[in-house]
Amino acid sequence: TINLKGTAPFTLTYTDGIDTTDIEAQEEAMLQTTAPSSVGTYNYSIVSLKDAYCSANRQNAKARIVVADIPAINIGADTTLCYGDETLALNAGNAESYEWRANGAIIGNASSLNVDENLVFNYWRIVYNKEIVATIANENGCKNSDTLLVTFRSRPTATVSGSKLYCGNEEVQPISFQFDGIAPFTFTYNDGEQSFTETVEEKEFVLDLPQSEGVYSYRLTSLGDAECSETTYGLATSITIAAMPSVNLGDDQVLCKGELAYLDAQTEEENSCVWFRQSKKNPISVNSSIFFGETDTVTVKVTSPSGCIAYDTVSITIKKPYAEQLGVVTYSENAKDMVIAWEKTVDVGTVGYIVERETDYTNNWVAVDDTIFFNQPALVVDYNIPATRAYKYRLRTIDECGNSTVSKPHRSMHLSIQKQIDDKPSLNWNAYEPTELVSQYLVLRGADSTAMDTIDRVPASNM
């Protein structure tokens, strides 16, 4: 720019060191020279200057313009890096100075830059972008920049349904590989014998399983998605299909007191057994069979080598003799014999009865007669017992195990007549036992036992 001042008109001659240019101006002005269009150094100076009256006696106005090339730079095309990839090396070429920025932040000032996942602080995201800008300057101070977008992506991952055991007729469910990444997914898996490669658009791959017994193992050996891949992968699962172990304890058992029940799981030799009883949680045995002599519910847990478990339960009942009770102890019609009677109870395991009489010694008992079996009348006559006092009887009940129990004793009544001081007769009798069976006593009188009338009633509480 040439600034002309003075009295118009002006005549100006200037040179750029190569060409000379004449200019006439009719007023003071800021004149613009033609800018150079090619690379080079241009030295501008005023050759002559005149206005309407005078010429410039000193033409020392000078300027220098250097037109330099813009430095060339190319750091490459946009790219994608998978986490764990090797470093991406960028080079800005030859220059006097360098500046590297990532998303606006200065990250380097050398001619090259290594880009890796360390530039991404939250790289657990599936996708993360970094804009890399390289700026260079040459010896003339000219600058140029290039931009590269680096997209960081997580490698695809997978999960698989866990190892599982199927026993017996349990329905075998398919396994599934679940993928995380950017579809499509290409992967390779093997079943222990051969490898298979699949490509799916979905994030799940369902694999149907055999239904026959056996152990089936599956391993995912490689996995890739639309951007990244993993050539070595160790994801594995195992499916075991096995038969249920056999077990059979048989029917419930009823034992006589003192007997032992022999319980056998009847299972395969390789299986393990643990025995429990319902009344307690702790195991009572770990053998394949057991002798058991308690009233309880016994369960055996059978486990096969594959881990399948089966149970069986049996009930053990210890027989206890049923305690029958005497019905009545009385005299026969001729008042000469004692009659002991009772009522039989069916379906309680009773096979026979023994009637016992207490001797003259307390708690010393003797049998009145032979064993009365269940199909015989429930009645015993104690013959030739003098009617001089009351007698005590009890009933011993015998069950099919040979065990027995005794009833409460019954004591008969003995009636006597005594004269008072005034020669009046007095009736005396002892209370019938057990006393709780009697509410009152009837006093009867008559010519004989077939024709008697009640003459009094005596409450049992008065006895």
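These are my notebook entries on strands, ring pairs, salt bridges and a few separations in this structure, which is a predicted model.

**Entry 1: strand β22 and its neighbours**

I began with strand β22, which spans residues 235-242 and is mostly covered, since six of its eight residues are buried. I then looked up which strands pair with β22, and found that strand β15 (residues 164-167) runs parallel to β22 and is joined to it by four bridges. Within that pairing, I noted that Leu165 stands opposite Thr240 of β22. Strand β20 (residues 214-224) also pairs with β22, but in the antiparallel sense and over seven bridges. Here the residue of β22 that serves as bridge partner of Tyr216 is Ile239.

**Entry 2: aromatic rings**

I turned next to the rings, where the count comes to 13 aromatic pairs. One of them is formed by Trp429 and Tyr441, a tilted pair with 5.9 Å from centre to centre and 55° between the planes. Trp429 belongs to strand β40 (residues 425-429) and Tyr441 to strand β41 (residues 440-448), so the pair ties together parts that lie twelve residues apart in sequence. I checked the cover of Tyr441 as well, and at 8% relative accessibility Tyr441 counts as buried.

I also recorded a cluster in which ring pairs link Phe177, Phe179, Phe185, Phe187, Tyr189, Phe196 and Phe205. Elsewhere, Lys344 lies over the face of Phe374, at 5.1 Å from the ring centre.

**Entry 3: a nonpolar patch on the surface**

I found that Leu260, Tyr262 and Phe291 form a nonpolar patch on the surface, and that together they have about 360 Å² of accessible area. Of these I followed up Phe291, which is placed in strand β27 (residues 289-292). Phe291 is exposed, because its relative accessible area is 56% and the cut-off for exposed is over 50%.

**Entry 4: salt bridges**

How many salt bridges does the structure hold? I noted eleven salt bridges, and I wrote down three of them.

In the one between Arg394 and Glu356, the closest N and O atoms are 2.6 Å apart. This pair links distant parts of the chain, with Arg394 in strand β36 (residues 392-399) and Glu356 in strand β32 (residues 350-358), 38 residues apart. Arg394 counts as buried at 15% relative accessibility, and Glu356 counts as buried at 9%.

Arg357 and Asp382 meet through their side chains in a salt bridge of 2.5 Å, N to O. Because Arg357 lies in strand β32 and Asp382 in strand β35 (residues 379-382), the pair ties together parts that are 25 residues apart in sequence. I noted that Arg357 is buried at 19% relative accessibility and that Asp382 is buried with a relative accessible area of 5%.

The side chains of Arg389 and Asp360 meet in a salt bridge of 2.8 Å, N to O. Arg389 sits in the loop between β35 and β36 and Asp360 in the loop between β32 and β33 (365-367), so that I had another link between distant parts of the chain, 29 residues apart. Arg389 counts as partly exposed at 33% relative accessibility, whereas Asp360 counts as exposed at 65%. I added that salt bridges with shared partners join Glu356, Arg394 and Arg396 into one network.

**Entry 5: separations along the chain and in space**

Last, I looked up Arg101, which is found in strand β9 (residues 97-102) and counts as partly exposed at 29% relative accessibility. Arg101 and Thr295 are 194 residues apart in sequence and 86 Å apart in space, C-alpha to C-alpha.

Conventions:
Residues are numbered from 1 along each chain as its sequence is written. This is a predicted model: local features need pLDDT of at least 70, side-chain atom pairs count only at pLDDT 80 or more; totals for chains, interfaces and linings use all residues. Side-chain values use heavy atoms; hydrogens and water are left out. Buried means under 20% relative accessible area, exposed over 50%, partly exposed in between (1.4 Å probe, protein chains only). Helices (H or I, at least four residues) and strands (E, at least two) are DSSP runs, numbered from the N terminus. Two strands pair if DSSP finds at least two bridges between them. Rings of Phe, Tyr and Trp (its six-membered ring) pair if their centres lie within 6.5 Å; planes under 30 degrees apart count as stacked, over 60 as edge-to-face and the rest as tilted. A charge sits over a ring if NZ of Lys or CZ of Arg is within 6 Å of the ring centre and within 35 degrees of the ring normal. Patches are made of residues with over 30% relative accessible area and no salt bridge: like charges are joined within 9 Å, nonpolar side chains (Val, Leu, Ile, Met, Phe, Trp, Tyr) within 5 Å. Accessible areas come from the Shrake-Rupley method with a 1.4 Å probe; for residues, only the protein chains shown count as cover. A salt bridge is a side-chain nitrogen of Lys or Arg within 4 Å of a carboxyl oxygen of Asp or Glu.
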